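These are my notes from going through one structure. I looked up elements, pairings, burial and contacts, and wrote down what came back.

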Amino acid sequence: MTTAQVEILVIGILTAASCALVGSFLILRKMAMMSDAIGHTILLGIVIAFFITQDLSSPLLIIGAAFTGVITVFLVEMLQKTNLVSEDSSIGIIFPFLFSIGIIMISMYAGSVHLDVDAVLLGELAFAPFDRFIVNGVDLGAKSLYVMGVVFLIDLIYIILFYKELKIVTFDASLAAVMGISPVIIHYSLMSLVSITAVGAFNAVGTILVVALIVVPPTTAYFLMEDLRSMILWSVIFGILSGILGIFMAFYLDVSIAGSISVMTGVIFAIVFIFSPKKGLLTIIQRRRNQKYEFAELSLLIHLFNHEDTDREEIELNPQNIIEHFKWNKKFLKAVLEQLIKDGYVEFEKDLLKINKKGMEYLKTNSIYNINDNKTCCN
Amino acid sequence: MEDYIIKVEDLTVAYEKKPVLWDIDLEIPSGTLMAIVGPNGAGKSTLIKTMLNLIKPVAGRISFWGNPYEKELKRIAYVPQRGSVDWDFPTNVFDVVMMGRYGNLGWFKRPEKIDKELTMEAIEKVGMTEFAKRQISQLSGGQQQRVFLARALVQDAEIYFMDEPFQGVDAKTEEAIIGLLKDLRSNGKTVVVVHHDLQTVPKYFDWVTLLNMQILGVGPVEDVFTDENIRKTYITRN
Amino acid sequence: MNFLYDILLDHTLITVGLGSAIFGIISGVLGTYAVLRKQSLIGDAVSHAALPGICIIFLITGTKETSLFLIGALISGIIASSVIMYITNVSKIKYDSSLGMVLSVFFGLGLVLLTYIQKIPNANQAGLERFLFGQASTLLKFDVKIMAIVGLLVVFITSLLWKEFKLLCFNSEFGASLGFPIKKLDFLLTGLLVVSIVMGLQTVGVILMSSMIIAPAVAARQWTDKLWLMMILSALFGSISGITGTLISFFVPKMPTGPIIVVVMSAITFISILFAPNRGTIWKIIRDRKNEENINNYVLLAEDRK
């Protein structure tokens, strides 16, 4: 691998990790789409900063962009606080508005200078190595490397320092307020970091796909994990994995790196969603299938128990009638019966199905309620 | 011999991963005002939703006058929980009550004069005439409940299912509603109510079903609503 | 020569204006349902998700036939919305996370395909990039004809199924108990929404689409409590912004059409939120102040009487 490729890889990893860190809290706060909004409005911030500085490589661009991100959040909340607009509608109104202003400004005034909108939006990590960080004539590496490195550190330190506060504010804002933690401060500081991360990341994946890195790996971890710490850890792992796999996919197929990374986040999610041993789709389907039989067996046993020694015994315990009453088809009943007989829970007494002692034991341990020894039904 | 018009046989219902109702047998006669009571999570809402064909059971059979729900739905009315709806929706009282006529209208047809008249009648019955054109977000909890009830009344059904109609409702509205339900009963209708308040069961209802995933008692209140049965119903299982 | 020029310009203006107006109506009508069902941002997700569909069609057919692109976008969009609903319903993952996931992953896939296409010799993907930002100014008569047909279809179905859709949005459980096939109605409505989004991509593009779905309906809601009026106003606002935006972009040099339409629509929305009677914010402030005055006067009078 060439140096440039290594640099790309490192930048990608740092970007993915940073996004995963802030993304974890963002999705827990059900603000996933806010990352989409911020990602877009950053363009406006960059444009305005550019108009002021007239310099494409000015650090003011980053600051301006991050600032716009926070303003976006603020405007969305202001709109929502009127109680006339829901939160997601507010997002969907504000960001296109701000973004449109950005595009209009570019089209009308920046015609002479090439502010490549595509690059800003879609990002092209491939060009990152060409933008060098040169101090006193010494080439210290790709600029993005340092930018993302710093961003990652900031995100990491923030999360470590404010872990407790973030946790409480995310899960119980009123409790936080009672404890003297200001949900507002935590909220806006988190959103500022999301903005800064998004701006730093736009170099790597462009603003639109920042959403992928901020939302998908944390959601995958959320699906899989039960506690916050593991979730954050796995967000970062999934994020970095997506970054690495995506970059290699892009190298191999010679396609967009940003797109490849996004696709990879999705692929990893799909794999976890479907194949995860405890919660994956396949397991759930299998479990439901097993449960169907389990429930069927239990409901049949309960039925036998309930109607035993009652005046309707003759009718209710006759397998023929069971088919009708339960609305099961013959095949299903046969399968359930066979299993019950095999397990030794039922016996045939003349024509009627009866539950036996072993069956009673099974019922007692497996059903979720106490079997009353007195019957509970029947008119 | 009681005339049973609603029959639930061997009903088992699972919701998501957990089973909620086991082997439920239930027969409800006509002209009854019946409460379904039980602790939270006992499956009361699930039971009536399954009876209304909104949930598919694991096993069991439900019939109305000997027929499945789809055949008799025109004679059955449903009053869902108040919280199941966004009351900020741009519509007024009249409009919501009119929805009760949609089943009768069928596909595509617009409401006609007769529908409008029946709707106003139902609104009058629940005492909301002056609010007919009021936007529903401006209504109090009790008023919202009356609107839901009117919507059921306009269906002119034989059987009425209601899910917690007295939840969060003021005393006056509660009185008015139970009055209307008793009227229905006197007219030979059958009213099945998921009820949350044990205290008022003897006062309001003549039949009761005690439910906690299984039926622990069903029948006339005098016979079935005993301390022992109530205790059995409300002991937390597990 | 001048004379011909005028006509040509006029023709394009009319075409684009008409197309934008029709698009405004369609998105206004269907956006009303989306907003009321709390599915506002589905427009954002579906429009981003359309990109891979378009690319795949291009890879298969090799042509840049708009109608084919639209079919590709439609299929892609429907798959996307189905995936979103599925993930949300089947797991603990929340709706907004599902939206964000599908949006970015599908779009990423589209990008991959796009960059792949870019390397095919003679592949000019200007037509494809049109879908990112929309280029209303390049709307053709044919495009507008399709939009008109879709528009008529949407209006027809909406009025035919007026009460059915109302049930679906307001109280689907109750609707099901009446015997209406709620799931099928849901699918139909979502399908219509996806179709309208796909149509609008040419006008405002992927990024600005959510605004045109949400803003007209939100603006309209501030002026009325009646659903039918809300929908008409929504369509009206949508088409007004379409026409106005088109006019502005034609007379102001270098003004891009899509964005200016969105700016006009947003302005209408902000004005509605501030000034609409009864709900409007400014209105409420004025009313509160009047109430305060009244109370103060009352207190003064009461004190006088003592």
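Before listing elements I fixed the term: helices (H or I, at least four residues) and strands (E, at least two) are DSSP runs, numbered from the N terminus. The model is predicted, which I keep in mind throughout.

**Chain C, elements**

I read chain C from the N terminus on, and its elements run α-α-α-α-α-α-α-α-α-α-α-α. The tally for chain C is 12 helices and 0 strands. I took the extent of its C-alpha trace along the principal axes, and the spans are about 95 × 60 × 35 Å. Of the 306 residues in chain C, 58% are buried. I also looked at the contacts in chain C with a separation of 6 or more; residues 24 or more positions apart account for 71% of them.

**Chain C, annotated spans**

I checked the UniProt record, an unreviewed entry. Under "transmembrane region" it lists residues 12-35, 41-61, 68-87, 99-117, 138-162, 187-215, 227-252 and 258-277 of chain C. I took two of these spans and looked at them in the model. Residues 68-87 of chain C are 100% helix and 0% strand, with end C-alpha atoms 29 Å apart. Residues 99-117 of chain C are likewise 100% helix and 0% strand, and there the end C-alpha atoms lie 27 Å apart.

**Nonpolar cores**

Which residues touch the most other members of the largest nonpolar core? They are B:Leu181 and C:Phe165, in a core of 239 residues. Helix 9 (residues 182-221) of chain C gives this core its largest share, 23 residues. Another core lies apart from it and has 31 residues, including B:Met34, B:Val194, B:Leu211 and B:Ile215.

I then listed the contacts of C:Phe165, leaving aside neighbours within four places in sequence. They are C:Tyr33, C:Ile157, C:Thr158, C:Leu185, C:Leu188, C:Leu189 and C:Leu192.

**The sheet in chain B**

I traced an open sheet of 3 strands in chain B; the order is 2-1-4 and the pairing is antiparallel. Its edge strands are strand 2 (18-29) and strand 4 (59-64) of chain B, each pairing on one side only. On average, neighbouring strands of this sheet are turned by 15 degrees against each other, direction ignored.

Next I looked for what packs on the sheet. Helix 14 (residues 319-326) of chain A does, and it touches strand 1, strand 2 and strand 4 of chain B. The direction of helix 14 makes about 65 degrees with that of strand 4 of chain B.

I went through the pairings of strand 1 (residues 4-15) of chain B. With strand 2 of chain B it pairs in the antiparallel sense over 8 bridges. With strand 4 of chain B, strand 1 also pairs in the antiparallel sense, over 5 bridges. B:Ile6 has a partner on each side: B:Ile28 in strand 2 and B:Phe64 in strand 4. Further along, B:Leu11 stands opposite B:Ile24 in strand 2 of chain B.

Why is strand 1 of chain B largely enclosed by the rest of the structure? I counted its buried residues: 9 of the 12 are buried, so the strand is largely enclosed.

**B:Ile36**

I located B:Ile36 in strand 3 (residues 33-37) of chain B. Its relative accessibility is 0%, and because buried means under 20%, B:Ile36 counts as buried. Leaving aside neighbours within four places in sequence, its contacts are B:Lys44, B:Leu47, B:Ile48, B:Val192, B:Val193, B:Val194, B:His195, B:Thr209 and B:Leu211. B:Leu211 is 175 residues away from B:Ile36 along the chain, yet their C-alpha atoms are separated by 6.8 Å.

**B:Pro57**

I found B:Pro57 in the loop between helix 1 (44-51) and strand 4 of chain B. Is B:Pro57 buried or partly exposed? B:Pro57 is partly exposed, since its relative accessible area is 29%. Beyond four places in sequence, B:Pro57 is in contact with B:Leu11, B:Thr12, B:Val13 and B:Thr50. I also took its distance to B:Asp163, 106 residues apart along the chain, and the C-alpha atoms are separated by 19 Å.

**Cysteines**

How many disulfides does a search of the whole structure find? The search finds 0 over all chains. I checked the burial of two cysteines. A:Cys19 is buried, with a relative accessible area of 0%. C:Cys169 also counts as buried, at 13% relative accessibility.

Methods: Residues are numbered from 1 along each chain as its sequence is written. Chains are lettered from A and ligands numbered from 1 in the order in which they are written. This is a predicted model: local features need pLDDT of at least 70, side-chain atom pairs count only at pLDDT 80 or more; totals for chains, interfaces and linings use all residues. Side-chain values use heavy atoms; hydrogens and water are left out. UniProt positions are given in the numbering used here, feature names are shortened, and annotations may be inferred rather than shown by experiment. A nonpolar core is a set of buried Ala, Val, Leu, Ile, Met, Phe, Trp, Tyr and Cys residues joined through side-chain atoms within 4.5 Å. Buried means under 20% relative accessible area, exposed over 50%, partly exposed in between (1.4 Å probe, protein chains only). Contact means heavy atoms within 4.5 Å. Two strands pair if DSSP finds at least two bridges between them. Axes are lines fitted to C-alpha atoms, for helices over the stretch in contact, and angles run from 0 to 180 degrees between N-to-C directions. A disulfide is a pair of cysteine sulfur atoms within 2.5 Å.
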